[in-house]
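Here are my notes on this one, as numbered points. Have a look at the structure first, then read on.

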Protein chains: 2
Amino acid sequence: MTAVQPQESKRQRAPSKRSLATRERVLDAAEAVFALRGFEGATIRDIAAEAGVPVGTIHHHGGGKEALFHQTIARRAETLSRARLSAIQRVRAEGPMTLEAVLAAFIRPFFELTDQDGGWRHYARLVAFVSVDDRWRALSAKFFDPTAEVFFAELLALLPRASRPQIAESFVFSVSAMLALLTSRERIGVLSGEDAAQEDQIDHLIRFCAAGLRG
Amino acid sequence: MTAVQPQESKRQRAPSKRSLATRERVLDAAEAVFALRGFEGATIRDIAAEAGVPVGTIHHHGGGKEALFHQTIARRAETLSRARLSAIQRVRAEGPMTLEAVLAAFIRPFFELTDQDGGWRHYARLVAFVSVDDRWRALSAKFFDPTAEVFFAELLALLPRASRPQIAESFVFSVSAMLALLTSRERIGVLSGEDAAQEDQIDHLIRFCAAGLRG
DNA sequence: TGTTAGATTGAACAAATGTTCAAAATAAGA
DNA sequence: TCTTATTTTGAACATTTGTTCAATCTAACA
C-alpha cells in the first residue's frame with residue numbers, strides 16, 4: 001500500500017525534523033482525544049485544538065479520521081509487542097517456565113510503559129475501547145493477535161492437562177482483567193475505600209490469572 | 001425530575017396500548033443500534049429506521065439522544081438486578097455460602113436472560129461499552145453499583161483472610177471476565193479453533209474467578 | 001545561495017446530525 | 001357520539017463534522 005519509490009523520478013525528500021515533530025504532536029493529540037471520547041466522539045477539530053495546529057494539518061499527517069485512528073493504534077503496538085516478546089524470551093532463557101512468569105511477561109510490559117509515559121496511559125484506554133468494539137476487530141487482529149498467539153501457545157505447552165478451549169477462555173479472561181486494571185484503578189480504589197500500590201495490584205492480577213488458569 | 005401531577009388540573013390520560021408498543025419498538029431499536037455502533041456512532045435516524053418510525057417519534061418517546069441512551073440502559077437494569085438479588089437470596093436460604101455459589105448468583109442470571117431474549121444480547125454489549133467508558137460512570141453507578149455492593153459485601157464475608165483491596169480487585173477482574181465471555185464468545189472460538197458449549201464456558205468462568213479469588 | 005518538494009494554514013463546502021415544530025391522525029374518557 | 005389529550009408524521013433548521021484546496025511558508029538539497 002505504501003508508495004513504491006521509482007528508481008529515477010522526482011527527487012524525494014526526507015521528512016524534516018519539524019514535520020516529524022508535528023506528526024508526533026498530532027498523534028499524541030489524537031491518542032488523547034480518542035481515548036477520552038472514543039472514535040466517533042472525537043472530532044478532527046478537537047484533535048487539532050489539542051495539538052495546537054490547524055485542521056488541515058490533521059489530514060495532512062493523518063490522512064483521514066479512520067487512517068489517523070489506525071496510525072494511533074499502530075504507533076505503539078510494535079513497541080508493546082516487542083517488549084512482551086523480549087520478556088518471554090528472557091523467561092525462556094532463564095530456565096523452567098512457570099505460569100506466573102508467562103503471565104508476567106505478557107502483563108508487566110504494558111504497565112511499565114504506562115508508568116514511563118503519559119501517552120501510554122491514553123493508549124491503554126484506547127486498547128480497551130478497541131477490544132470491546134467489534135468494529136475494530138481487524139485492527140486487533142493485525143496488531144495484537146500475533147503476539148497473543150505466542151503467549152497462547154506458551155500456555156498450551158504449560159498446561160497439557162487443560163483443554164484448548166479452556167485455555168482460550170482463561171486467556172481471554174486474563175486479558176480482560178488486565179485491561180480492567182489498566183483502565184479502572186480509580187474504580188477499584190472507590191470500591192475498596194483505599195488506594196493500593198500499583199505493584200501490589202499487578203502481582204495480585206498475575207496471581208489471580210495463574211490461579212484461574214490452573215483451575 | 002418527573003412532572004408532579006397536580007391534584008386538580010388538566011385531566012391526564014393513560015398511555016395508549018399503541019403508544020407503549022411504539023415506545024418498546026423505539027427502545028429495542030436504540031438498544032440494537034447503540035450496541036452495534038456505540039453512543040456517538042449511532043444516529044437518531046439509524047434508530048428511527050431500525051424501529052420503522054419517523055425521526056420525530058424517537059424524540060417524542062426518547063426525549064433526546066442522551067436521555068434515550070439512559071432509558072435504554074435503565075429499561076433492563078432493574079430486571080437484571082432483581083434476578084441477581086433473588087439468586088443470592090436463594091443461595092442464602094439454601095445453607096452454607098460458597099464462593100462458587102456467590103459468583104454463580106452474580107454471573108448466571110445475565111447469561112440466562114441473554115439466552116431467552118435477543119435484546120438482552122445487545123444489552124450485554126451495551127453494558128460492556130458503558131463499563132469501559134468513563135463518560136458513563138454515573139450511569140454505572142446508578143444502575144449497577146448498588147447490586148455490585150451487595151455481592152462485594154458477600155465476598156468480604158466469605159474471604160475474611162483476604163484484604164479489602166484485594167477482594168475489590170478480584171471482583172473487578174471477575175466482572176470484566178464475565179463481560180468478556182458475554183461479548184467475545186466468537187473470538188474465543190476463533191482462538192481455540194472450536195466452539196465450546198456455553199454452559200461449560202460459564203462453569204469455567206465461575207471456577208476461574210473462584211480460583212482467582214482464593215488466590 | 002537558489003530551487004523546489006514538502007509542510008502549514010485557514011477558509012470553504014457538502015453531507016450528516018440532533019432537534020424543533022405544526023399539522024394530521026388516533027383513541028381514551030365523558 | 002363528541003371532545004380533546006396524545007401520539008404520529010415528516011418537513012425544516014441550525015450546528016457540527018470530515019474533507020478539500022489554493023495560497024503561503026519552510027527547510028532540504030544541489
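1. A word on burial before anything else: buried means under 20% relative accessible area, exposed over 50%, and partly exposed in between, with a 1.4 Å probe and protein chains only. B:Ala211 has 14% relative accessibility, so this residue counts as buried.

2. This is a predicted model, where local features need pLDDT of at least 70 and side-chain atom pairs count only at pLDDT 80 or more, while totals for chains, interfaces and linings use all residues. Residues are numbered from 1 along each chain as its sequence is written, chains are lettered from A and ligands numbered from 1 in the order written, and side-chain values use heavy atoms, with hydrogens and water left out.

3. Back to B:Ala211, which sits in helix 11 (residues 198–214) of chain B; helices here are DSSP runs (H or I, at least four residues), numbered from the N terminus. Setting aside neighbours within four places in sequence, B:Ala211 is in contact (heavy atoms within 4.5 Å) with A:Ala211, A:Gly212 and A:Gly215.

4. Now DNA strand D. There are 27 residues around this strand, near meaning that a heavy atom lies within 4 Å. Helix 3 of chain B gives the largest share of that surface, 5 residues.

5. Which atoms of DNA strand D do A:Arg45 and A:Lys65 approach? A polar side-chain atom of A:Arg45 lies 2.8 Å from a base oxygen, whereas an N or O atom in the side chain of A:Lys65 is 2.7 Å from a phosphate oxygen.

Terms used: A polar contact is a pair of N or O atoms within 3.5 Å; within protein, one must be able to donate a hydrogen and the other to accept it, and residues adjacent in sequence count only if both atoms are side-chain atoms. Helices (H or I, at least four residues) and strands (E, at least two) are DSSP runs, numbered from the N terminus.
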